[in-house]
Structure formats: structure tokens, C-alpha cells
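Welcome! Take a look at the structure below, then try the exercises one by one and check each solution as you go.

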Amino acid sequence: MSELGVLSKAEELGVFSKLEGAGAFSLAEKALPLIEKLKLLSIFEACLDIEAGFIFTFANTLLFTGPAIATLQITGFLPIPKGPGFVGELAFDAAVLAAGATFFGIAYLVSQLQLAADIDD
């Protein structure tokens, strides 16, 4: 990014001043203790040692789980839950979808960092 001059151009355009005025940096500072408590940076650092393709595969598996369960229910291979079980399944589907989307984002970032490291070597 430094070779492309992205940060210099952003500074010239006043992007950082606008972000500071909007309170983005103070929000980031407030979030740091939570990020440290949840050890998110340690987890991300550990992900850098894993081939990005494996993380993409895991993310896609999570993203596919909800639609696969729904398809199996429609075709009669799995029962369709009724009552409180339906709410539980919706919560499960939402959680798996969110986890899959999160891991897909992590996989993309890891792939870009691994690609940059390969180019530098």
C-alpha cells in the first residue's frame, strides 16, 4: 500500500481528519480492551499459519449448512420442527450463517496477507 501511495492520498483528501471528527478512532480505542479480552488478534494470528483455502472451505461449509438442512427438510429426509424447536433451528441457522460469513472474511484477509508474503519472498 505504501508503494501505491494510498495512505498519502487519503491524508491529502482529509480522510483521517473526517474519521477523527466522526469519532471512529475513539470508538476503536474503546473496542481494544474487548478485542484483547476475547483474544481476537491471537486467533487471527493463528489463522495466518493455516492455508487460506482450508479456512475458505470451512466457511463455505458453515454457509451451506442452513440451506442444506432446509433442503433435507423439504424433501422429507429430516423432520420440520414445530413449536419451540422451530425457533431453536432459526437461531442455529442464524448463528451458523454469521460464523460462516465471519470466517469467509477472515479467509479473505488471510489469503491477501499470505499472497503478499509470497510476493515478498
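## Exercise 1: The packing of helix α5

The buried residues of α5 pack against α4 and α6. A contact here means heavy atoms within 4.5 Å, and buried means under 20% relative accessible area, exposed over 50%, partly exposed in between (1.4 Å probe, protein chains only). Helices (H or I, at least four residues) are DSSP runs, numbered from the N terminus. This is a predicted model, in which local features need pLDDT of at least 70 and side-chain atom pairs count only at pLDDT 80 or more, while totals for chains, interfaces and linings use all residues. Residues are numbered from 1 along each chain as its sequence is written, and side-chain values use heavy atoms, with hydrogens and water left out.

Task: find which residues of α5 are buried, and compare the helix span with the expected one.

Solution.
- Step 1. The buried residues in α5 are A52, I55, A59, L62, G66, A68 and Q73.
- Step 2. An α-helix has 3.6 residues a turn, so residues three or four places apart point the same way.
- Step 3. The expected span of a helix is 1.5 Å times one less than its number of residues. For the 23 residues of α5 this gives 33 Å, and the end C-alpha atoms are 34 Å apart, which agrees.
- Step 4. Look along the helix for a kink: α5 has one of about 35 degrees at T65, shortly before the proline P67. The bend at a residue is the angle between axes fitted to the seven residues ending there and the seven starting there.
- Step 5. Just past the helix, α5 is followed by G76, with a positive phi near 90 degrees.

## Exercise 2: The largest nonpolar core

Task: which residues make up the largest nonpolar core, and which helix supplies the largest share?

Solution.
- Step 1. A nonpolar core is a set of buried Ala, Val, Leu, Ile, Met, Phe, Trp, Tyr and Cys residues joined through side-chain atoms within 4.5 Å.
- Step 2. The largest one has six residues: C47, A52, I55, I106, A107 and V110.
- Step 3. At least two of these residues come from each of α5 (52-74) and α6 (84-120). The largest share, three residues, belongs to α6.
- Step 4. Pick out I106: leaving aside residues up to four places away in sequence, I106 touches F44 and C47.

## Exercise 3: A glutamine in α6

Task: is Q114 buried or exposed, and what does Q114 touch?

Solution.
- Step 1. Locate Q114 in helix α6.
- Step 2. Its relative accessible area is 16%, so Q114 is buried.
- Step 3. Not counting residues up to four places away in sequence, Q114 touches C47, L48, I50, E51 and A52.
- Step 4. A polar atom of the Q114 side chain lies 3.2 Å from the backbone nitrogen of A52.

## Exercise 4: Aromatic pairs

Task: how many aromatic pairs are there, and how are the rings of F56 and F104 arranged?

Solution.
- Step 1. Rings of Phe, Tyr and Trp (its six-membered ring) pair if their centres lie within 6.5 Å; planes under 30 degrees apart count as stacked, over 60 as edge-to-face and the rest as tilted.
- Step 2. By this rule there are two aromatic pairs.
- Step 3. The ring centres of F56 and F104 are 5.1 Å apart and the planes stand at 70 degrees, so this pair is edge-to-face. It links distant parts of the chain, since F56 is in helix α5 and F104 in helix α6, 48 residues apart.
- Step 4. The rings of F58 and F103 have centres 5.0 Å apart and planes at 85 degrees, so this pair is edge-to-face. F58 lies in α5 and F103 in α6, so parts 45 residues apart in sequence are tied together.
- Step 5. Check accessibility: F58 is partly exposed at 41%, and F103 is partly exposed at 29%.

## Exercise 5: Helix α3 and what follows

Task: how many of the 14 residues of α3 are buried, and what is the phi of K39?

Solution.
- Step 1. The number buried in α3 is zero, so this helix lies largely in the open.
- Step 2. α3 bends by about 35 degrees at A31, and the proline P33 follows within four residues.
- Step 3. K39 sits in the loop between α3 and α4. Its phi is near 55 degrees, a positive value in a residue other than glycine.
- Step 4. For comparison, most residues other than glycine have a negative phi.
- Step 5. K39 counts as exposed, at 54% relative accessibility.

Key. Helices (H or I, at least four residues) and strands (E, at least two) are DSSP runs, numbered from the N terminus. A polar contact is a pair of N or O atoms within 3.5 Å; within protein, one must be able to donate a hydrogen and the other to accept it, and residues adjacent in sequence count only if both atoms are side-chain atoms.
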